[in-house]
Amino acid sequence: SSGINAEWPLRPGKKRAQRATSNVFAMFDQSQIQEFKEAFNMIDQNHDGFICKEDLHDMLASLGQEPTDANLEAMVNEASGPINFTMFLTMFGEKLNGTDPEDVIKNAFQCFDEETTGTIHEDTLRDLLCTMGDRFTDEEVDEMFRGAPIDNNGMFDYNAFVRLIKHGSKDE
């Protein structure tokens, strides 16, 4: 065998999109990339460097799942081409960066910050989160507040919070 995988359909016009994904490695630090590599290798059951429907099926079956062919097809079709490690990382990068841009999140908080101090009292925020839009439970608000920047006066610093959710904590 020449090592060429002729089974994958050639897709004209896809080269540019795949070249743009090469900077995906800049989105993660080395330890994260290593964890993704380990996960990729666990899913790539036949160790050919690509994740295919059969790999997904075998991995899910080993976890006691019985995925349908349609589900497996849908999973594989989320990629814009064959799922090698770079594509796998790109897909996770897109999912993990699925949060709104920083300014959009800040603007949402600013709507409730009448004095534009960059803070909202935690009781006010809890009330808003539990009564408006996609209502949070008290447990979900507690979870959100657990690592949140709240000062001794109960003021929630939403600028610091947005920095935290978009960039992680300084000690990570």
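This report describes the fold, the nonpolar cores, the aromatic pairs and a few single residues of a predicted model.

**Overall fold**

The protein chain contains 9 helices and 2 strands. Along the sequence these follow the order α-α-α-α-α-α-β-α-α-β-α. Of the 172 residues in the protein chain, 27% are buried. Among contacts in the protein chain with a separation of 6 or more, 52% are between residues 24 or more positions apart.

**The largest nonpolar core**

In soluble globular proteins, nonpolar side chains tend to be buried together. Here the largest nonpolar core has 19 residues, and those touching the most other members are Ile51, Leu56, Ile83, Phe85, Phe88 and Leu89. At least two residues of this core come from each of α2 (30–43), α3 (53–62), α4 (69–76) and α5 (85–96). The helix that gives the most is α5, with 5 residues.

Leucine 89 shows what such a core member meets. Leaving out residues up to four places away in sequence, leucine 89 touches Val24, Phe25, Phe28, Ile33 and Phe36. Two of the core residues, Phe85 and Phe88, also belong to one aromatic cluster with Phe25, Phe28, Phe36, Phe40 and Phe92. The ring of phenylalanine 85 has a further partner: the charged end of lysine 37 sits over this ring, 4.6 Å from its centre.

**The second core and helix α7**

A second, separate core holds 13 residues, including Phe109, Leu125, Val141 and Phe156. Leu125 lies in helix α7 (residues 122–131), where Leu125, Leu128 and Leu129 are buried. These three leucines are on the same side of α7, because they cover an arc of only 95 degrees around the axis. An α-helix has 3.6 residues a turn, so residues three or four places apart point the same way. The buried residues of α7 are covered by elements including α6 (102–110), β1 (119–121), α8 (138–146) and β2 (155–157). After α7 comes glycine 133, with a positive phi near 55 degrees.

**A stacked pair between α6 and α9**

The model has 12 aromatic pairs. One of them joins phenylalanine 109 and tyrosine 158; their ring centres are 5.5 Å apart and their planes are at 15 degrees, so the pair is stacked. Stacking here requires planes under 30 degrees apart. The pair links distant parts of the chain, since phenylalanine 109 is in helix α6 and tyrosine 158 is in helix α9 (residues 158–167), 49 residues apart. Both phenylalanine 109 and tyrosine 158 are buried.

**Cysteines and asparagine 46**

A disulfide is a covalent bond between the sulfur atoms of two cysteines. The structure holds 0 disulfides. Two cysteines are listed below, together with asparagine 46.

| Residue | Exposure | Relative accessible area |
|---|---|---|
| Cysteine 111 | exposed | 60% |
| Cysteine 130 | partly exposed | 21% |
| Asparagine 46 | partly exposed | 43% |

Where does asparagine 46 lie? Asparagine 46 is in the loop between α2 and α3. Not counting residues up to four places away in sequence, asparagine 46 touches Cys52 and Asp55. Aspartate 58 is 12 residues from asparagine 46 in sequence, and the two are 9.5 Å apart in space, C-alpha to C-alpha.

Notes. Residues numbered from 1 in each chain as written. Predicted model: local features only at pLDDT ≥ 70, side-chain atom pairs only at ≥ 80, totals over all residues. Heavy atoms only, no water. Buried < 20%, exposed > 50% of the residue type's maximum accessible area, 1.4 Å probe, protein only. Helix = DSSP H or I, 4+ residues; strand = E, 2+ residues; numbered from the N terminus. Arc of directions from axis to C-beta. Contact = heavy atoms within 4.5 Å. Phe/Tyr/Trp six-rings, centres within 6.5 Å; stacked < 30°, edge-to-face > 60°. Lys NZ or Arg CZ within 6 Å of the ring centre and 35° of its normal. Disulfide = S-S within 2.5 Å. Core = buried A, V, L, I, M, F, W, Y, C linked by side-chain atoms within 4.5 Å.
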